[in-house]
Amino acid sequence: TTCMNQNLVYHIILIIQYFESILLFMGKYSIEIENFSKSFGNLLAVDNLSFKVNDGEVFAFLGANGSGKTTTIRCLLKIYQKDKGRLTINNEEFSEKLNNKIGYLPEERGLYKGVSVYEILEYTAKLRGLSSDIARRKTNEYLEYVGMIEHKNKKVSQLSSGMQQKVQLGTALIHNPEILILDEPFKGLDPVNRQLFIDIFVERAKKGTTILYSTHVIDEAQKMADSLLIIKDGKRLEYGKVNDVRKKYGSDNIIIEFDGKVPDKESKLYSSVITNKRIEITPNKGIKTEEILTQIIKNGTKILRMELDYPSLNQIFINLMKD
């Protein structure tokens, strides 16, 4: 009898471990896209695209205009219908039952122009299943946080593009979703409000929210994202952890903050990308850092700060789009 009881306990433990492994596998990825393609007439917008977004990850979806980012997001949410492939959220295709778990910010604003800021946020919160009291509290909290409480009674049509983007983001965040899907969230924002949005996303990520966002603001993606995907003409060019992708393109780039004369963009020693008073230099093969610095100083440039690093995402992105 004792032996039979021990065997029974042993088999129960195995069964529990089996179901735990199934649950772990099912929750391994918040978003998974496999062999996805979509055409519009004769135009192939997305071509056999595959990628995964881990639970709690900030994932940057990068590409030029018309590369297929918005099409992929809309097919993931079934706004468009896929041609082929598998697009899942928490291991299932999108359906209405996932609405309260997801916050979606579309590329184009979809706000009611004749409604007040307060009304549209409160209404959206109720649509997401929040009670009236909680909806009002969440609306006030959000408007206070983004500095818009004094504008709460204004109609959307009276707002600037940046303020409308804040309201649009509020409709995606108001119900505290587990997954955020953001299509060009920085569109129309000045540097101050862009930083505000970044702070919001980082804060949400720290609390475990999974974030998939498309953007043209490549520098911010390098700072904020855990992983990335770069696509061009609907095809995947790069995919993986941010620093793993950067590492593939070298480890000896020179980043210089300068004053005075602007350095030459190209020379026999290097190629570069110049932004304001910052230059990122990629040495030509066999050229040492000292040679480049000597040339730049001789040409009359004052070096304020210098560091060696992997190539930036911005430079990688520009080179890939050129190629």
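This report describes the helices, sheets and selected contacts of one protein chain, as they appear in a predicted model.

**Overall picture**

The protein chain contains ten helices and 13 strands. Its C-alpha trace spans about 85 × 65 × 45 Å along the principal axes. Of the 323 residues in the chain, 43% are buried. Among contacts in the chain with a separation of 6 or more, 68% are between residues 24 or more positions apart.

**The six-stranded sheet**

One open sheet is formed by six strands, with mixed pairing, in the order S5-S6-S7-S3-S8-S9. Strand S5 (102-105) and strand S9 (235-241) are at its edges; each has a single partner strand, so one side of each has no neighbour in the sheet. From one strand to the next, the twist averages 10 degrees.

At one end of this order, S5 pairs with strand S6 (residues 179-183) in the parallel sense, over four bridges. Within that pairing, glycine 103 has leucine 180 in S6 as its bridge partner. Helix H5 lies across S5 and S6, and runs at about 160 degrees to S5.

**Helices H5 and H6**

H5 (residues 161-173) also packs with helix H6 (residues 191-206). The angle between H5 and H6 is about 10 degrees, and their axes are 12 Å apart. The two helices are therefore roughly parallel to each other. On the H5 side, the contact involves Gln165, Lys166, Leu169 and Leu173. These meet Asn193, Leu196, Phe197, Ile200, Phe201 and Arg204 in H6. By type, the residues of this contact are six nonpolar, two polar and two charged.

**The four-stranded sheet**

A further open sheet has four strands in the order S11-S12-S10-S13, and its pairing is antiparallel. Its edge strands are strand S11 (270-275) and strand S13 (301-309), each of which pairs on one side only. Neighbouring strands here are turned against each other by 25 degrees on average, with direction ignored.

S11 runs antiparallel to strand S12 (residues 278-283), and six bridges join the two. Serine 272 has isoleucine 281 in S12 as its bridge partner.

Two helices are placed against strands of this sheet. Helix H9 (residues 289-298) packs on the sheet and touches strand S10 (253-260), S11, S12 and S13. The direction of H9 makes about 160 degrees with that of S13. Helix H10 (residues 313-322) lies across S10, S11 and S12, at about 115 degrees to S11.

The table collects the helix-to-strand angles given above.

| Helix | Strands touched or crossed | Angle and reference strand |
|---|---|---|
| H5 | S5, S6 | about 160 degrees to S5 |
| H9 | S10, S11, S12, S13 | about 160 degrees with S13 |
| H10 | S10, S11, S12 | about 115 degrees to S11 |

**Serine 312**

The loop between S13 and H10 holds serine 312. Is serine 312 buried or exposed? Its relative accessible area is 6%, under the 20% cut-off, so serine 312 counts as buried. The side chain of serine 312 reaches the backbone nitrogen of glutamine 315 at 3.1 Å. Setting aside neighbours within four places in sequence, serine 312 is in contact with Gln222, Arg246 and Glu280.

Note on methods. Residues are numbered from 1 along each chain as its sequence is written. This is a predicted model: local features need pLDDT of at least 70, side-chain atom pairs count only at pLDDT 80 or more; totals for chains, interfaces and linings use all residues. Side-chain values use heavy atoms; hydrogens and water are left out. Axes are lines fitted to C-alpha atoms, for helices over the stretch in contact, and angles run from 0 to 180 degrees between N-to-C directions. Angles under 35 degrees count as roughly parallel, over 145 as roughly antiparallel, 65 to 115 as roughly perpendicular and the rest as oblique. Contact means heavy atoms within 4.5 Å. Ala, Val, Leu, Ile, Met, Phe, Trp, Tyr, Cys and Pro count as nonpolar, Asp, Glu, Lys and Arg as charged, and the others, Gly among them, as polar. Two strands pair if DSSP finds at least two bridges between them. Buried means under 20% relative accessible area, exposed over 50%, partly exposed in between (1.4 Å probe, protein chains only). A polar contact is a pair of N or O atoms within 3.5 Å; within protein, one must be able to donate a hydrogen and the other to accept it, and residues adjacent in sequence count only if both atoms are side-chain atoms.
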